[in-house]
Amino acid sequence: MKQILLFKNARLPSLPPPAGGGERRHALALGIERLGIVSLRFPRTVALLTILLAIAASIGISRLQIEDSLSDLFRSETPAFKQYEDVTKRFPSTEFDVLAVIEGDNLLARDSIEKLRELAEDLQLIEGTRGLISIFSARQPPENGEMPAPLFPGQLPEGVAYQRLIHRVTNNAILRGKLLSENGRLTLMVLALEPSAAKSSQLSGIITQIRKAAKEDLAGAGLVFELTGVPVMQNEIRNAVERDRLIYNTAGFVAGCAIAIIFFRRISFMIVAAGPPLTAILLALGALGWLGFRLNMFLNVMTPLVMVISFSDTMQLTFATRDRLLEGEKRADALRYAIRVVGPACVLTHATAALSFVALQFSASDLIRTFGQAGLVAILIALVSVLILMPLLGLLFLRDEAGIAAKVAGADLGLKALRHFCAWVAARMVSRAGLYSILSLAAVAGLGFVYSGLEPRYRLADQVPNKQASSASHRLDIQLTGANPVDVLVEFPPGVSLYDPQTLAVIAKVHSIVEHQPGIGNVWSLETLRRWLIKAGMPSIGTLKQYADMLPAYLTRRFISANQDAALVTGRVPDADASKLLPIVQALEDSLSTVEAENPGYRISVTGLSVIAARSSASMIEKLSLGLTFEFLLVAIFIGAAFRSFLVMFVVILPGVFPILAAGAILRATGQGLQFASVVALTVSFGLGLSATIHFLNRLRLEDDPADDPGVAVERATVLVGPAVILTSIVLACGLAVTVFSDLPSLRLFGWLSAFAMLAAVVADLFILRPTAMFLRRLARRRPQTS
């Protein structure tokens, strides 16, 4: 079919003409788009309400707090997570431990040890800390029942005597492989914080003081000092979230405004297109603040998400208004036309995006469900903002219609080029619709096969900024078997004492199993103290109790509950993918089940954040991925119902799933697998990517004439909608791509994957949707003739 249409020949109807010889078209969005007419009738009232709501939203934003808990991703009502929470309350240790990692070739030199001891003393003086465990905590074997002397004497010896001391230190059973690496180049200091300090605004100041003390005390020693641990990771996450919110969201919005100015060539049009998204961001964040939502690694992307979905629709509305102004209409009539013609599609695009967030409610993770709830609130606010504010800003800024038409018409080269390109694409897609439809189906099938091979992935390091905490954790993985705890909870039968011989035997057996489990190291428990006493020639239970009572509470609470009805055996594992940790956990549980069976009444459970992640991450990610499949079907049915057409329902499937499958293929090609951030990105991108499809189908519905060949309507709709689709896709990609500069790896993944999916969506819209729509419409028209 020859190219029958270019923009210069595209006459725009003043209102959608009746279809089918006078048969009135149904209301695509139930008339919701008529909210925009309110602004045209009562502009002053709407402006005043907007100002008042903006003031209230500003106050709401000030109420927003940051959630930095590493366990929130797995927070749920499951028994496993409830037990994990119970253990962290009964044994408050790892969640409040700052791990200081000091490394250097001369670590055990006499001068270095002096500096390290000075640092250990200074760290304990920092307000908000409650104790320190380090190589200086070690004691010599007790003599004559007296309190054992420190392993490091007050005055360090020199020469040969110092070398003998270092020999004892490097071979100390409590220090070796736990607080001191096998090669003697790395040592670990565990600084316990007060729980109230670790969960308050004090945390940042405490970490700053720790680093300051290390810088001063270790000056000139040639040692590398780094911090890690849950409080440090939480502080880095909090800083990253604040930094991202202030910088990169603004950068994304500026990029969108710049694109709007380049193509519209007038600031007034840029304000009309960009004003509603900016206001929607303000109102959405304010509402989240008033509703008590807390910012986290997922909610932090809410700003670019609101911006891109709102900007997409305001661009379409602005294009439609601009076209009517070029036709010589008054601004009120042009705005009313845009609301009546484009508004229904805007409602539908927001509705499909809302369905994407609804799909997240089926996740087992409270964090992801909360993200879905916040997204649903933000999308609803964005829809109202677009429909209400776009016509309001149009009335305020699009003055002197004749002047606008004259100036814009003379500087329209960019948009004309886009319209010519869209016409060229449409003509070729329509000319061989059947062939391109088959190729599209083959491409989607191939990408689907690749996508099906994706495997779940989860690592704690992917949730933490690539800063000092991540680097220090990596050093611990190499030198001390890891920084992530694996806890084994041993609960006693009612009325049985901690120091009952059977209880101590059970703890000893559990300790032995854990320390001999491949992949787990650095094991601590009451058995550690008991072995030390036995080696010193004091095996009695009374002595064990005496020494345990002498230890400070912050130390004993690491392995003995406050009421002494349970004990904890703690090991460490490296930060590996959950799929590699799960076999370790399963093997450990199998070994411990024998101990539990041999000791009726004793309950033995394996827990810890690493364990929860190993057990839950794969199934949670697989369920999210399965939910994405159901979302495909649900959204297709929803769009088909909105258009009241089975044909439309089938048309949207291929262009809808193509971006998701293409992004999944990229993930598999790069070996990244499916992570929480990637599944959430694909879920949200699916809803956002359908914006172009819906706007095209809406325009196609209005342009269709049963008396003409379907290709005419396809080409007209492409020329009228295509430029806005291309520009908004670029804006969508820019708005999401700025998150690749985030310090949070999960947010970077979300950003680039979403941006890629948006660009893939415009490819699908131009090269899959057009021929598929054409091919199926021709089949539908032939059916009555052949029956």
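Okay, let's start with the whole chain: of its 787 residues, 58% count as buried, where buried means under 20% relative accessible area, exposed is over 50%, and partly exposed is in between, with a 1.4 Å probe and protein chains only. Before going on, this is a predicted model, so local features need pLDDT of at least 70 and side-chain atom pairs count only at pLDDT 80 or more, while totals for chains, interfaces and linings use all residues. Residues are numbered from 1 along each chain as its sequence is written, and side-chain values use heavy atoms, with hydrogens and water left out.

The C-alpha trace spans about 105 × 55 × 45 Å along its principal axes. In secondary structure we have 28 helices and ten strands; those are DSSP runs, H or I of at least four residues for helices and E of at least two for strands, numbered from the N terminus. Now contacts, meaning heavy atoms within 4.5 Å: taking pairs at least 6 apart in sequence, 83% join residues at least 24 apart.

On to the cores. A nonpolar core here is a set of buried Ala, Val, Leu, Ile, Met, Phe, Trp, Tyr and Cys residues joined through side-chain atoms within 4.5 Å. The largest one has 193 residues, and Phe74, Met189, Phe371 and Phe676 have the most contacts inside it. Which helix gives the largest share of this core? That's helix 26, residues 676-703, with 15 residues. Another core lies apart from it, with 39 residues, among them Val490, Ile513, Val523 and Trp532. Back to Phe676: leaving out anything up to four places away in sequence, its contacts include Leu73, Phe74, Phe298, Ile368 and Tyr458.

Next, the sheets. Strands of a sheet pair through backbone hydrogen bonds, either parallel or antiparallel. Here two strands pair if DSSP finds at least two bridges between them. One open sheet has four strands in the order 3-4-2-5, with antiparallel pairing. Strand 3 (129-133) and strand 5 (224-228) are the edge strands, each pairing on one side only. On average, neighbouring strands are turned by 20° against each other, direction ignored. Inside that sheet, strand 2 (97-103) and strand 4 (186-193) run antiparallel and are joined by seven bridges, and Asp97 stands opposite Ala192 in strand 4.

Two helices to point out on this sheet. For the angles, axes are lines fitted to C-alpha atoms, for helices over the stretch in contact, and angles run from 0 to 180 degrees between N-to-C directions. Helix 17 (468-479) packs on the sheet, touching strand 2, strand 4 and strand 5, and its direction makes about 100° with that of strand 5. Helix 7 (202-217) lies across strand 2, strand 4 and strand 5 too, but runs at about 165° to strand 5.

There's another open, antiparallel sheet of four strands, in the order 8-9-7-10. Strand 8 (521-524) and strand 10 (603-607) stand at the edges with a single partner strand each, so one side of each has no neighbour in the sheet. The twist averages 15° from one strand to the next. Strand 7 (484-491) and strand 9 (566-573) run antiparallel, joined by eight bridges, and Asn484 has Val573 in strand 9 as its bridge partner.

Helix 22 (578-598) lies across strand 7, strand 9 and strand 10, at about 170° to strand 10. Is Ile584, which sits in helix 22, buried or exposed? At 18% relative accessibility, Ile584 counts as buried. Beyond its neighbours within four places in sequence, Ile584 is in contact with Gln517, Pro518, Gly519 and Ile520.

Helix 3 (79-90) comes up against that sheet as well: its buried residues are Phe81, Tyr84, Val87, Thr88 and Arg90, and what covers them includes strand 7, strand 9, strand 10 and helix 23 (609-643).

Now a helix pair. Helix 12 (343-359) and helix 13 (366-397) have axes that come within 8 Å and cross at roughly 170°. That makes helix 12 roughly antiparallel to helix 13; the cut-offs are under 35 degrees for roughly parallel, over 145 for roughly antiparallel, 65 to 115 for roughly perpendicular, and oblique for the rest. Among the residues that meet there are His350 and Phe357 in helix 12, and Phe371 and Gly375 in helix 13.

Last one: helix 25 has 13 of its 17 residues buried, so it is largely enclosed by the rest of the structure. After helix 25 comes Gly671, with a positive phi near 70°.
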